[in-house]
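Colleague: Please take a close look at the disulfides in this model. Then place them in their surroundings.

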Amino acid sequence: MMLRRGFILFLPRLVGLLVVACCSMSIVYMLACTPKGDNQQLGLPRVHSPTVKEGYEATLQEREEEHRNYIISLKKQIAQLKAELQGRTEQLKNMQNQHLDSLDTQFDHSRPEKAQANLLAFLRSQVDKAEVHSGVKLSTEYAAVPFESFTLQKVYQLETGLTRHPEEKPVRKDKRDELIEVIELAVGSLNKPDGVSKAKPRVYTASDFVEGIYRTEKNKGTLYELTFKGDAKHQFKKIVLFRPFGPVMKVKNENVNMADTLINVIVPLAKRASKFRQFMQNFREMGIQQDGRIHLTVVYFGKEQMNEVKSILENTSKSANFKNFTFIQLNEEFSRGKGLDVGARFWKGNNVVLFFCDVDIYFTAEFLNSCRLNTQPGKKVFYPVLFSQYNPSIIYGHHDSIPSLEQQLIIKKETGFWRDFGFGMTCQYRSDFINIGGFDLDIKGWGGEDVHLYRKYLHSNLMVIRTPVRGLFHLWHEKQCLDELTPEQYKMCMQSKAMNEASHGQLGMLVFKQEIETHLHRQKWSSKKT
């Protein structure tokens with residue numbers, strides 16, 4: 001009994017001793033097995049130790065191994081990040097495809113009732129998203145979409161485009177039809193019975209229309225606000241209409257192979273051998289070296305400077321090993337339309353893309369691809385809007401020297417303008433050019449023939465692609481308007497000459513140059529007095 005009681009009293013002590021022993025062993029184990037931290041220095045052998053060299057080598061090897069393992073770890077992390085990025089990209093593509101497929105399903109014509117309901121819901125959501133009922137916060141003053149105003153007779157516009165008139169009658173049929181439709185719809189809405197008033201309603205007509213404003217948000221729709229005369233003086237009726245844009249829908253998905261699509265660049269020329277030398281430098285770099293799928297046809301008028309031009313062409317052919325060129329000489333007065341027409345009809349090979357070009361044009365290899373991609377036989381012709389260079393001596397007159405040509409080819413409002421009144425540089429398949437009837441050969445000299453051809457294409461069933469392109473430049477040169485031109489041609493030539501020199505601001509600085517110099521002189525004189 002006594003022994004049992006003593007064992008019971010000794011048991012707690014035994015347990016305590018075991019706990020202390022376990023803790024001690026754990027601490028010793030942790031101290032022995034804990035790896036050294038990254039910042040902990042490795043123990044180096046003492047300098048007087050006989051194994052100092054081997055110790056240093058072992059330390060360096062250990063450090064080198066640590067760095068090697070660290071680099072391997074970084075490479076693994078980079079590979080994981082690349083794989084994750086690729087996976088995210090694939091997910092995004094799948095989501096976009098699913099969105100397009102859902103739109104196709106949503107507006108499936110096999111279920112017209114559901115498709116119509118979904119379409120109406122989508123169009124209502126476009127109204128809610130547009131800036132119709134309330135404004136939205138904009139980051140800068142340039143983010144605001146301006147309105148344009150209109151009356152029954154005229155449109156007052158900011159983006160004047162080709163006409164360059166701040167006010168005009170709606171020339172374009174689509175714009176004219178659009179505004180007439182909007183006014184008629186507003187009149188119909190005003191004349192619709194409201195079902196409340198028993199008095200005889202007033203009948204509104206288009207003559208009651210005072211003015212309207214409209215603007216288009218590209219991804220939502222067009223907002224119209226129309227004002228009509230009211231029932232009394234100083235009273236008006238206001239109608240707000242919105243034309244929502246439908247959803248983006250996939251129309252076509254196709255592969256386009258342009259590897260074997262040849263472009264025949266046709267250049268009519270008379271004299272101007274120095275300009276032709278500059279043109280051939282551009283043609284060699286962009287056409288021969290970078291693109292390689294190109295043919296050059298030069299139609300030369302007269303014999304003056306002809307040998308020099310042929311020599312430039314032959315030297316380029318030898319140095320660049322380029323044989324795809326044709327030289328045609330005509331003993332007659334220069335006619336741009338005649339030269340292009342002769343060059344196009346001279347081609348005897350398969351159907352080819354024709355690029356009608358001038359000797360004062362600079363193009364890039366990217367433009368040549370745009371020329372191919374925007375033409376299609378029997379369907380599309382390409383009329384690019386090129387960027388026309390201002391007079392470099394005016395633009396860079398305050399500089400020490402005029403930059404090189406490549407440095408001048410910058411698309412900015414100080415360096416040039418979109419030549420939206422020019423239709424001379426164009427790409428089309430030869431079959432379309434022949435079928436449309438070619439140029440009007442009765443037009444002589446400068447201007448007119450390009451507009452005539454352009455109108456032929458507009459009157460046909462071919463689609464005319466008209467867009468600014470960043471890889472096509474008209475190089476500045478002094479323009480001479482000859483007395484032999486007709487009054488209409490001479491006027492066109494002088495207008496083109498005036499626009500080629502400089503921007504309004506730069507020309508203004510020239511006009512007021514004397515006043516500016518006088519002001520600077522006064523400022524300098526007054527500063528000396530003080």
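Modeller: The disulfides come first, then the rings, the strands and the overall totals.

This is a predicted model: local features need pLDDT of at least 70, side-chain atom pairs count only at pLDDT 80 or more, and totals for chains, interfaces and linings use all residues. Residues are numbered from 1 along each chain as its sequence is written, and side-chain values use heavy atoms, with hydrogens and water left out.

How many disulfides does a search of the whole structure find? It finds two. A disulfide here is a pair of cysteine sulfur atoms within 2.5 Å.

Take the link between cysteine 371 and cysteine 427. The S to S distance is 2.1 Å. The angle about the S-S bond is -125°, and the link is left-handed. Cysteine 371 sits in helix α8 (residues 365-373) and cysteine 427 in strand β14 (residues 426-429), so the disulfide ties together parts that are 56 residues apart in sequence. Helices (H or I, at least four residues) and strands (E, at least two) are DSSP runs, numbered from the N terminus. Is cysteine 371 buried or exposed? Cysteine 371 counts as buried, at 0% relative accessibility. Cysteine 427 is also buried, with a relative accessible area of 0%. Buried means under 20% relative accessible area, exposed over 50%, and partly exposed in between (1.4 Å probe, protein chains only).

Now the link between cysteine 481 and cysteine 493. Its S to S distance is 2.1 Å. The link is left-handed, with -90° about the S-S bond. Cysteine 481 is in the loop between β15 (463-474) and α13 (487-501), while cysteine 493 is in helix α13. The two are twelve residues apart. Cysteine 481 and cysteine 493 are both buried.

Number the bonded cysteines in sequence order and the pairing reads 1-2, 3-4. Cysteine 357 is in no disulfide. Its nearest cysteine sulfur belongs to cysteine 427, 9.1 Å away. Cysteine 357 counts as buried too, at 0% relative accessibility.

Next, the rings. A pair of aromatic rings is described by the distance of the centres and the angle of the planes. Rings of Phe, Tyr and Trp (its six-membered ring) pair if their centres lie within 6.5 Å; planes under 30 degrees apart count as stacked, over 60 as edge-to-face and the rest as tilted. The count by this rule is 24 aromatic pairs. One of them joins phenylalanine 356 and phenylalanine 439: the centres are 5.5 Å apart and the planes stand at 45°, so the pair is tilted. Phenylalanine 356 belongs to strand β10 (residues 353-356). Phenylalanine 439 lies in the loop between α11 (430-436) and α12 (449-458), 83 residues away along the chain. Both phenylalanines, 356 and 439, are buried. One aromatic cluster includes Phe355, Phe363 and Phe367. Among its other members are Phe276, Phe279 and Phe283.

A charge also meets a ring. Arginine 466 lies over the face of tyrosine 454, at 5.9 Å from the ring centre. The rule asks for NZ of Lys or CZ of Arg within 6 Å of the ring centre and within 35 degrees of the ring normal.

Two loop residues add detail. Phenylalanine 421 is in the loop between β13 (416-418) and β14. Phenylalanine 421 is partly exposed, at a relative accessible area of 27%. Its C-alpha atom is 8.4 Å from that of valine 385, 36 residues apart along the chain. Asparagine 391 is in the loop between β12 (380-389) and α9 (392-395). Asparagine 391 counts as buried at 8% relative accessibility. Which residues does asparagine 391 contact, leaving aside neighbours within four places in sequence? They are Trp476, Asn500 and Glu501. Contact means heavy atoms within 4.5 Å.

Elsewhere, strands pair, which takes at least two DSSP bridges between them. Strand β1 (residues 148-150) and strand β4 (residues 209-217) run antiparallel, joined by three bridges. There, glutamate 148 stands opposite tyrosine 214 in β4. β4 also pairs with strand β5 (residues 221-229), antiparallel, over eight bridges. Arginine 215 stands opposite leucine 223 in β5. β4 and β5 form a hairpin with three residues between them.

Finally, the totals. The protein has 15 helices and 15 strands. Of its 530 residues, 33% are buried. Among contacts with a separation of 6 or more, 70% come from residues 24 or more positions apart.
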